[in-house]
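Visitor: Please take me through this structure, and justify each term as we come to it.

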Amino acid sequence: MDFKFLEGEKKISKETNYKTGLVLATITGGTAVLSSIICLPFILPALRKVCLPFVPATTKQVENVFLALRGKTGSLIDIGSGDGRIVIEAAKHGFKSVGVELNPWLVFYSKINSIRLGFSKNANFYCQDLWKFQLQPYKNVVIFGVKEMMEELTEKFNNELKDSTVVACRFPLPSKKPIKIIGTGIDRVWVYHFNGE
């Protein structure tokens, strides 16, 4: 038996195992980094003072929003626009519509979807914080909020809106009386009028 040959085989085997391990470690590490980058925009909202998670609107919620906006025209903003379905539907109804969303992946998805559906001229999306976005030019506002943010949003609406309709979905504005309520349960929407009061 040739011991030199066996030693050479062991050395080659060790080098092969090292290279294989290095390749596997690189692939695993790269996958972990990529997953973190993709997931980060979905996790970061949970670390904010008020968490506004992405929960897609139901078909009935969308219908109720546009029942609430029947007869309205002009500009519309969806605060926390998520996947863009309200903004795109608004463009279909003739509104010049804008979506504001903090998650860049959802903004990217919304933009691509509006192009794919042929509504990119009347449906625009911005990756911005809703608290820093100026609402004054908009006559129609849609918000799918969470209970903890609705009081602060009411203040923002009072300060920034003049002769505007606000449609609140999932939760009402606690210190403002709605002019109309449409639907029931999770699909209910509350309609308000703000006149810079």
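Visitor: Which residues does Ile-143 touch, not counting residues up to four places away in sequence?

Guide: Ile-143 touches Ile-79, Met-150, Leu-153, Phe-157, Val-166, Val-167, Ala-168 and Cys-169. Contact here means heavy atoms within 4.5 Å.

Visitor: On what kind of model do such statements rest?

Guide: This is a predicted model, in which local features need pLDDT of at least 70 and side-chain atom pairs count only at pLDDT 80 or more, while totals for chains, interfaces and linings use all residues. Residues are numbered from 1 along each chain as its sequence is written, and side-chain values use heavy atoms, with hydrogens and water left out.

Visitor: What makes a set of residues a nonpolar core, and which residues have the most contacts inside the largest one?

Guide: The term covers buried Ala, Val, Leu, Ile, Met, Phe, Trp, Tyr and Cys residues joined through side-chain atoms within 4.5 Å. The largest such core has 22 residues, and Ile-77, Ile-143, Phe-157 and Val-166 have the most contacts inside it. At least two of its residues come from each of strands E1 (75–79), E2 (96–101), E4 (140–144), E5 (164–169) and E7 (189–194), and from helix H5 (150–160). Another core, of 17 residues, lies apart from it and includes Leu-76, Val-142, Phe-144 and Val-189. In soluble globular proteins, nonpolar side chains tend to be buried together.

Visitor: What makes a stretch of the chain a helix or a strand, and how many of each are there?

Guide: Helices (H or I, at least four residues) and strands (E, at least two) are DSSP runs, numbered from the N terminus. The protein chain has five helices and seven strands, in the sequence pattern α-α-β-α-β-α-β-β-α-β-β-β.

Visitor: Why is Ser-114 called buried or exposed?

Guide: Buried means under 20% relative accessible area, exposed over 50%, and partly exposed in between (1.4 Å probe, protein chains only). Ser-114 has a relative accessibility of 2% and therefore counts as buried. This residue belongs to helix H4 (residues 104–117). Beyond four places in sequence, Ser-114 touches Ile-88, Phe-119, Ser-120, Ala-123 and Phe-125. Of the 197 residues in the protein chain, 38% are buried.

Visitor: Why is Glu-89 described differently, as partly exposed?

Guide: The relative accessible area of Glu-89 is 21%, so the residue is partly exposed. Glu-89 is found in helix H3 and touches Val-62 and Phe-66, residues up to four places away in sequence not being counted. Glu-89 and Phe-66 are 23 residues apart in sequence, with 8.6 Å between their C-alpha atoms.

Visitor: How do you know that Asn-140 makes a polar contact with Thr-73?

Guide: A polar contact is a pair of N or O atoms within 3.5 Å; within protein, one must be able to donate a hydrogen and the other to accept it, and residues adjacent in sequence count only if both atoms are side-chain atoms. The side chain of Asn-140 reaches the backbone oxygen of Thr-73 at 3.1 Å. A polar atom of that side chain also lies 3.0 Å from the backbone oxygen of Ser-75. Asn-140 stands in strand E4 and, at 2% relative accessibility, counts as buried.

Visitor: Why are the buried residues of H5 said to line one face of the helix?

Guide: They are Met-150, Leu-153, Thr-154, Lys-156, Phe-157 and Glu-160. Seen down the axis of H5, these residues fall within an arc of 165°, so they line one face; the arc is that of the directions from the helix axis to the C-beta atoms. They pack against E1, E4, E5 and E7.

Visitor: What makes E3 and E6 the edges of the sheet?

Guide: Two strands pair if DSSP finds at least two bridges between them. The open sheet has seven strands in the order E3-E2-E1-E4-E5-E7-E6, with mixed pairing. E3 (123–127) and E6 (180–182) each have a single partner strand, so one side of each is left without a neighbour in the sheet. E6 and E7 run antiparallel and are joined by three bridges, and Lys-180 stands opposite Val-191 in E7.
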